[in-house]
Amino acid sequence: MVHKTDAVVSSKPVCKLAPGELRRVPTDRSRGLIGYHVACPACGFVNIALPDAEGLRVDEATTTFSERIGCLRCHAQLRIDHGAFFWEEGQRVRRRSV
Ligand SMILES: [Zn+2]
């Protein structure tokens, strides 16, 4: 199931980001983009997205990320498109006893 919420760009400190908020690094837009902190809308974990790593491109004018981000904690798949977050819960890994 795909969920949708607003992707809000915030300048709050990283530890204060709410689920679904993004923080530009650096927050000063006159300086070149290094990356974004992305607070997972599913679990609130703050992931780091670095453009140019793994082919990621970010259109800052429209808040659009070219690639999905996998949350490191809950494994949700996060897509950011024109200021909206679309996300799916991660697949739980089932372990079978051998
Ligand atoms: Zn998560």
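Me: Which residue stands opposite Glu21 in β3?

Reply: Val8 does. This is a predicted model, so read each pairing as a feature of the prediction. The two residues belong to a strand pair: β2 (residues 8-9) and β3 (residues 21-25) run in the parallel sense, over 2 bridges.

Me: How do I read such a pairing in general?

Reply: Strands of a sheet pair through backbone hydrogen bonds, in either the parallel or the antiparallel sense. Now follow β3 to its pairing with β4, which is antiparallel and has 4 bridges. To find the register, take one bridge: Val25 is partnered by Gly35 in β4.

Me: What secondary structure does the chain have, and how many of each kind?

Reply: There are 10 strands and 0 helices. Read along the sequence, the pattern is β-β-β-β-β-β-β-β-β-β.

Me: In what order do strands line up in the open sheet?

Reply: Sheet order is read from partner to partner. Here 4 strands give β1-β10-β9-β8, with antiparallel pairing.

Me: Why is one side of β1 and of β8 left without a neighbour in the sheet?

Reply: Because β1 (2-6) and β8 (69-70) stand at the edges, and each has a single partner strand.

Me: How many bridges hold each pair in that sheet?

Reply: Walk across the sheet. β1 and β10 pair over 5 bridges, antiparallel. Val2 has Glu88 in β10 as its bridge partner. Next, β9 and β10 pair over 5 bridges, again antiparallel. There, Leu78 is matched with Trp87 of β10. Last, β8 and β9 pair over 2 bridges, in the antiparallel sense. Ile69 is bridged to Leu78 of β9. So Leu78 serves as a bridge partner to Trp87 and to Ile69.

Me: What joins β9 to β10?

Reply: For a hairpin, look at the turn. β9 and β10 form one with 2 residues between them. Check the backbone angle at His82 in this turn: phi is positive, about 50 degrees.

Me: Which residues of β10 lie on its covered face, and which on its uncovered one?

Reply: Sort the strand by face. Phe85 and Trp87 are on the covered face. Ala84, Phe86 and Glu88 are on the uncovered one.

Me: Which members of the largest nonpolar core touch the most other members?

Reply: For a core, ask who has the contacts and which elements supply them. This core has 17 residues, and Val38, Cys40, Ala76 and Leu78 touch the most other members. β4 (35-39), β9 (77-81) and β10 (84-88) each supply at least two of its residues. β4 gives the most, with 3 residues.

Me: What is Ala76 in contact with, beyond its neighbours within four places in sequence?

Reply: The list is Cys40, Ala42, Cys71, Trp87, Glu88, Glu89 and Gly90. Among them, Trp87 lies on the covered face of β10 and Glu88 on the uncovered one.

Me: How does the radius of gyration of the chain compare with that of a compact globule?

Reply: Set the value beside the expectation for the length. With 98 residues, a compact globule would have a radius of gyration near 13 Å; the chain has 14 Å, which agrees. For the outline, the C-alpha atoms fill a box of roughly 55 × 25 × 20 Å along the principal axes.

Me: What share of the residues is buried, and what share of contacts joins residues at least 24 apart?

Reply: Buried residues make up 22% of the 98. Of contacts between residues at least 6 apart in sequence, 33% join residues at least 24 apart.

Note on methods. Residues numbered from 1 in each chain as written. Predicted model: local features only at pLDDT ≥ 70, side-chain atom pairs only at ≥ 80, totals over all residues. Core = buried A, V, L, I, M, F, W, Y, C linked by C-beta atoms within 7 Å. Buried ≥ 20, exposed ≤ 12 C-beta atoms within 10 Å, placed from the backbone. Contact = placed C-beta atoms within 7 Å. Pairing = 2+ DSSP bridges. Rg over C-alpha atoms; globule rule 2.2 N^0.38 Å.
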